[in-house]
Amino acid sequence: NLEFVLTDNPKPIQKSGPILYGKTNYIHVLKKAGIHLLSLANNHIKDCGEEGVKSSMDTCLKHQIDIVGVGKNINEAKKPFVKVVNGVKIGILAYAEQEFNCANDTEYGSNYFDPYEDLDAIERLKENVDFLLVIYHGGIEYYEYPSPLLQKKCRKFVEKGADLVTCQHSHCIGSIEEYKDKKIIYGQGNSVFG
């Protein structure tokens with residue numbers, strides 16, 4: 001998860017909470033670290049408006065880092081990432097809770113979780129991949145346990161076909177649950193933050 005905007009021309013939006021952005025040349029740190037895929041489905045991707053989202057997407061793709069959970073509209077943001085690695089077909093779907101971040105029919109932004117459509121999308125994707133990862137950007141910041149609602153969502157992701165569910169947004173290492181022989185990680189922690 002890249003939880004800030006990559007832009008050399010920041011135009012912060014009006015919102016409550018912190019505005020996170022960095023220069024586009026920061027992508028070289030991620031590239032050197034060997035990162036090949038980033039989820040941009042998070043609550044900060046629109047901190048510099050649509051221009052910031054577009055700049056982040058363009059910067060990643062220019063440096064051959066694939067992206068998921070973001071798009072020029074909601075239909076594009078909902079597209080899964082699928083890749084065959086060592087003969088295993090892997091599918092990844094990335095969702096974020098709705099804050100100041102979401103794509104819609106005509107705006108750049110992140111993919112938000114819509115239970116009326118996305119549970120079926122998880123099930124459909126699982127039919128076409130060997131391994132399905134669901135990344136969910138939600139939870140309570142600096143709290144290592146899931147809320148009852150987050151736990152229900154993540155368990156439902158597994159029931160619909162996810163082999164692994166990992167949650168972000170808590171900014172701390174979270175608990176791990178074994179559910180129906182699959183893992184749910186309720187907090188990845190941060191690689192770099194602040």
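The largest cavity in this predicted model is lined by Gly-138, Gly-139, Ile-140, Tyr-143, Tyr-145, Pro-146, Leu-150, Cys-167, Gln-168, Ser-170, Tyr-186 and Gly-187. Sorted by class, that lining comes out as seven nonpolar residues and five polar ones, with no charged residues. The space inside amounts to about 40 Å³. As for how many cavities reach 30 Å³ or more, the count is one.

One of the lining residues, Tyr-186, also turns up among the contacts of Glu-177. Glu-177 sits in strand S11, which covers residues 176–179. Is this glutamate buried or exposed? With a relative accessible area of 12%, Glu-177 falls under the 20% cut-off, so it counts as buried. The Glu-177 side chain has a polar contact with the side chain of Gln-151, at 3.3 Å. Setting aside neighbours within four places in sequence, Glu-177 touches Gln-151, Arg-155, Lys-182, Lys-183, Ile-184 and Tyr-186.

Next come the nonpolar cores. The largest one has 21 residues, and the members that touch the most others are Tyr-95, Ile-122, Val-134, Phe-157 and Val-165. Two or more residues each come from strand S7 (88–96), helix H4 (115–126), strand S9 (131–137), helix H5 (148–160) and strand S10 (164–168). A second core, separate from that one, holds 14 residues, including Leu-2, Ile-27, Leu-38 and Ile-67.

Tyr-95 gives a good look at the surroundings of one member of the largest core. Once neighbours within four places in sequence are left out, Tyr-95 is in contact with Ala-41, then with Asn-111, Tyr-112, Phe-113, Asp-118, Ala-121 and Ile-122, and also with Val-134, Ile-135, Tyr-136 and His-137. Two of these partners, Ile-122 and Val-134, are themselves listed with Tyr-95 among the core members touching the most others.

Over in helix H1 (residues 27–32) is Leu-30. Its relative accessibility is 18%, and since buried means under 20%, Leu-30 makes the cut. Which residues does Leu-30 contact, neighbours within four places in sequence aside? They are Leu-2, Ile-35, Leu-38 and Ile-65; of these, Leu-2 and Leu-38 are named in the second core. Tyr-136, a contact of Tyr-95, offers a reference point for placing Leu-30: the two are 106 residues apart in sequence and 21 Å apart in space, C-alpha to C-alpha.

How values were computed
Residues numbered from 1 in each chain as written. Predicted model: local features only at pLDDT ≥ 70, side-chain atom pairs only at ≥ 80, totals over all residues. Heavy atoms only, no water. 1 Å grid on protein atoms, 1.4 Å probe; cavity = no way out; pocket = protein on both sides within 12 Å on 5 of 7 lines; lining within 4 Å. Points joined across faces, edges and corners; volume = space filled by probe spheres on them. Nonpolar A, V, L, I, M, F, W, Y, C, P; charged D, E, K, R; others polar. Helix = DSSP H or I, 4+ residues; strand = E, 2+ residues; numbered from the N terminus. Buried < 20%, exposed > 50% of the residue type's maximum accessible area, 1.4 Å probe, protein only. Polar contact = N/O pair within 3.5 Å; in protein donor to acceptor, adjacent residues only side chain to side chain. Contact = heavy atoms within 4.5 Å. Core = buried A, V, L, I, M, F, W, Y, C linked by side-chain atoms within 4.5 Å.
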